[in-house]
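These notes are meant for a colleague opening this structure for the first time. Please keep the sequence and the 3D view side by side while reading the numbered points.

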Amino acid sequence: MSTERKQNKVSPLRSGLNQKELRYLNERLLLSMIQRYGGMPRSELARISGLSTQTASVIIRKLETDGILIPGSPVKGRVGKPSTPMALAPDGVFSIGLKIGRRNSEVVLLDFVGTIRDRRIIRYRYPEPGAILEFLDTAMTEVTASLTADQRRRVAGIGIAAPHDLWQWYEKMGAPAARIEAWRNTDFPAEVARFSDLPVSIVNDATAACRAEHIYGRGREYRDYAYFHVGTFIGGGIVLNHAVHEGNQGNAGAFGSLRTLDREGRPATLIDTASILLLEQRLAAAGLDAERLCAEHGDWSGMGEHLDPWIDQLGGELASASLSICSVVDFEAVFIDGSFPASVRARIVAAVRHHIENRDRRGLILPAIREGTIGVDAKAMGAATGPIFDGYFLNPNARATVV
């Protein structure tokens, strides 16, 4: 074998599993099935998973003893003994999620079934690492204060959702370059280790939002789809074969960087033409308060003359972007969600459907245009699911590691 061949690094197709690893894999399989399809009796879990009834029963009994699964109400009305579905225990696992945004950051405590038990929010003109880490430290103590000692031991970790290469966007955020540059060399796991021994997982913020829709929203209805999250800056995510695809570098679905044209016909990106930042600028230019757009579950009423043209422009941009990405992957659907009220989301989706009918669709199969369901909570929830998935569920599209 040549020296060059020996030095090449390749990704393994698959590694063998020992008995202990196989047991953990089967546990994750059963938990993933229950999470995705809801509570099921032991016999049904064994049948669908392909495990023997005895093996499934042993695993389920252990998970129940560990407080990870709980029995539901027996299902009656069928021939034979009533069956008892097994469900995820809400208090079985907890996780901390940190969403780092351009205008605010949020810390949430998420339980095993996706309910936000508590949250803390900090707002700012632009994000700085030191202030956000201090906020995380304080907020973690506050949101876990009501947990019992046993529940605190069940906190799986800290998930962080952050924009990719945040320091590159300082001009659009109106921030001093030197202050934002600090993000480039911030090692979050190392910094968090100064005040917490919990494991830390990091994900792109828009991918996190896509994960939340896939796990807790309507995403489970489709196998392959694209997802747009319209925030201060627009971003996105990709689901392939029923799993969120993060990509080799964790930046799959970077739809904000899709090329387009601005109103003067100059080259631009989707961030320049399809973000809430544009609406902020419209309101500020009219002397109106743009901060209301950043408020949690804010009131967007009374902005018609500014909101209406923004929705129409956004609809046109997302229509073109949807067709572009479907020319690469034959997505069944495109989901649209964001940091705005549900009534605004419905209008945006209607605008996309209207504009897409007037685009050149030759050679393409038109995807279903669907509303997302999570909204403003998507990024924080998606962040918090990271440690839970890492420890308890199957994730076939997790990033590969080159060895």
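**Notes on helices, sheets and salt bridges**

1. A good place to begin is helix α5, where Pro 129, Ile 132, Leu 133, Phe 135, Leu 136, Ala 139, Met 140 and Val 143 are buried. These residues cover an arc of only 160° around the axis, which puts them on the same side of α5. Please bear in mind throughout that this is a predicted model. The general background is that an α-helix has 3.6 residues a turn, so residues three or four places apart point the same way.

2. The opposite side of the same helix deserves a look as well, since the face of α5 turned away from its buried side carries the exposed residues Gly 130, Glu 134 and Thr 141. As for its length, α5 takes in residues 129-143, 15 residues in total, and reaches 21 Å from its first C-alpha to its last, close to the 21 Å expected at 1.5 Å a residue.

3. What covers the buried residues of α5? The cover includes the strands β3 (94-100), β4, β5 and β6 (155-162), together with helix α9 (188-192). In its placement, α5 lies across β3, β4, β5 and β6, and it runs at about 150° to β5. Helix α15 (residues 378-392) also packs on the sheet, where it touches β3, β4, β5, β6 and β7, and its direction makes about 140° with that of β3.

4. The sheet itself is open and is formed by 5 strands in the order β5-β4-β3-β6-β7, with mixed pairing. Its edge strands are β5 and β7 (200-204), each of which pairs on one side only, and the twist averages 15° from one strand to the next. Within this sheet, β3 and β6 pair in the parallel sense over 5 bridges, and the bridge partner of Lys 99 in β6 is Ala 161.

5. A salt bridge belongs in this part of the picture, for the side chains of Glu 106 and Arg 119 meet with N and O 2.5 Å apart. Because Glu 106 lies in strand β4 (residues 104-111) and Arg 119 in strand β5 (residues 116-123), the pair ties together parts that are 13 residues apart in sequence. Glu 106 counts as buried, with a relative accessibility of 4%.

6. Helix α4 (residues 53-65) can be read in a similar way: its 13 residues should span 18 Å at 1.5 Å a residue, and its end C-alpha atoms are 18 Å apart, which agrees. Its buried residues are Ala 56, Ser 57, Ile 59, Ile 60 and Leu 63; seen down the axis of α4, they fall within an arc of 165°, so they line one face of the helix. The face turned away from that buried side carries the exposed residues Gln 54 and Thr 65. The elements covering the buried residues of α4 include α2 (19-37), α3 (42-49), β1 (69-71) and β2 (86-88), and just after α4, Gly 67 takes a positive phi of about 80°.

7. Which residue forms a salt bridge with Lys 62? The partner is Asp 66, and the closest N and O atoms are 2.9 Å apart. Lys 62 is partly exposed, with a relative accessible area of 37%, and Asp 66 also counts as partly exposed, at 32% relative accessibility.

8. A further salt bridge joins the side chains of Asp 150 and Arg 153, with an N to O distance of 3.8 Å. The two residues are 3 apart in helix α6 (residues 149-153), which means that about one helical turn separates them. Asp 150 is partly exposed, with a relative accessible area of 35%, whereas Arg 153 is exposed, at 63%. Elsewhere, salt bridges that share partners join Glu 27, Lys 62 and Asp 66 into one network, and the count of salt bridges comes to 26.

9. Finally, strand β13 (residues 333-338) is mostly covered, since 6 of its 6 residues are buried. Both of its faces are covered, with Ala 333, Phe 335 and Asp 337 on one side and Val 334, Ile 336 and Gly 338 on the other. Strand β8 (residues 225-230) pairs with β13 in the parallel sense over 6 bridges, and Val 230 stands opposite Gly 338 in β13. β13 also pairs in the parallel sense with strand β14 (residues 368-371), over 4 bridges, and Phe 335 stands opposite Arg 370 in β14.

Methods. Residues numbered from 1 in each chain as written. Predicted model: local features only at pLDDT ≥ 70, side-chain atom pairs only at ≥ 80, totals over all residues. Heavy atoms only, no water. Salt bridge = Lys/Arg side-chain N within 4 Å of Asp/Glu carboxyl O. Buried < 20%, exposed > 50% of the residue type's maximum accessible area, 1.4 Å probe, protein only. Expected span 1.5 Å × (residues − 1). Arc of directions from axis to C-beta. Contact = heavy atoms within 4.5 Å. Pairing = 2+ DSSP bridges. Axes fitted to C-alpha atoms, helices over the stretch in contact; angles between N-to-C directions.
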